[in-house]
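Trainee: I'm new to this one. Could you walk me through how to read it?

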Amino acid sequence: MDEDARVADADDVPEGETLLFTVRDGDGELAEAFCTRLSDGTVVAYRNYCQHWTDVRLDKGDGARVTNGEVWCQKHGATFQLDTGVCDFGPCEGSVMESVDVTVADGGVYLNDEEYALEHLGPSGVDEGDGGDSRIDFTGN
Ligand code: FES
């Protein structure tokens, strides 16, 4: 495998938590993604934004909220199934998170998605906001 595409050691990808990493897309723009381990041991990865308000990050740099195989958006409480990416509750119910292809090999997790090149482990440093500071949602938050 291409060591430049190695996201992390496979043992460092947690179940019940997210591991944030940064990629560069075909336009040269930085974008965030996170990987996590499913209960069956499979490692999956998704772009790090909510399908409701796409400028809201699911993992704000200290891990997304994950329970029962679902990642939560902390803005309005949408939940996304980590095995399928499908939102099964919340304002964007029925939408699907954008998946990022990764492969586990040689004890590591490798980015294996022709749309992206690995930049580094951790946040992009580009957009650290939660996308909602300038707007008020229906709960007043
Ligand atoms: S921004 Fe994620 S549920 Fe509204």
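Mentor: Sure, we'll go from the overall layout to a strand, then to a few loop residues. Keep in mind that this is a predicted model.

Trainee: How many helices and strands are there in the protein chain?

Mentor: Begin with a list of the elements. Here you'll find zero helices and 11 strands, so reading from the N terminus gives β-β-β-β-β-β-β-β-β-β-β.

Trainee: And what share of the residues is buried?

Mentor: For that we use a cut-off: a residue is buried when its relative accessible area is under 20%. Of the 141 residues in the protein chain, 45% are buried.

Trainee: Let's pick a strand. Is β2 mostly covered or mostly open?

Mentor: Go through the strand residue by residue. β2 spans residues 19-25, and five of its seven residues are buried, which leaves the strand mostly covered.

Trainee: Which strands pair with β2?

Mentor: Look for bridges, and check the sense in which the strands run. β3 (residues 30-37) is joined to β2 by six bridges, and the two run antiparallel. Strand β11 (residues 116-121) also pairs with β2 in the antiparallel sense, over five bridges. You can trace single partners too: Val23 is matched with Ala31 in β3, while Arg24 stands opposite Ala117 in β11.

Trainee: What links β2 and β3 in their hairpin?

Mentor: Four residues lie between the two strands, and Gly28 in this hairpin has a positive phi near 85 degrees.

Trainee: What sign of phi do most residues other than glycine have?

Mentor: Most of them have a negative phi. Now for the cases that go the other way. Asn68 has a positive phi of about 50 degrees though it isn't a glycine, and it sits in the loop between β5 (65-67) and β6 (70-72). Asp106 also has a positive phi, near 50 degrees, and is not a glycine either. Its place is the loop between β9 (102-105) and β10 (108-111).

Trainee: Why do Asn68 and Asp106 count as exposed?

Mentor: The cut-off for exposed is over 50% relative accessible area. Asn68 counts as exposed because its relative accessibility is 80%, and Asp106 does because its value is 61%.

Trainee: Which residues join Asp106 in a patch of negative charge?

Mentor: Look on the surface for like charges that gather. Asp2, Glu3 and Asp4 form the patch with Asp106. Asp4 comes from the segment before β1 (6-9), and it counts as exposed because its relative accessibility is 64%.

How values were computed. Residues numbered from 1 in each chain as written. Predicted model: local features only at pLDDT ≥ 70, side-chain atom pairs only at ≥ 80, totals over all residues. Heavy atoms only, no water. Buried < 20%, exposed > 50% of the residue type's maximum accessible area, 1.4 Å probe, protein only. Patch = residues over 30% accessible without salt bridge, like charges linked within 9 Å, V, L, I, M, F, W, Y side chains within 5 Å. Areas by Shrake-Rupley, 256 points an atom, 1.4 Å probe, with all protein chains shown as cover. Salt bridge = Lys/Arg side-chain N within 4 Å of Asp/Glu carboxyl O. Lys, Arg positive; Asp, Glu negative; His and termini not counted. Charge placed at Lys NZ, Arg CZ, Asp CG, Glu CD. Pairing = 2+ DSSP bridges.
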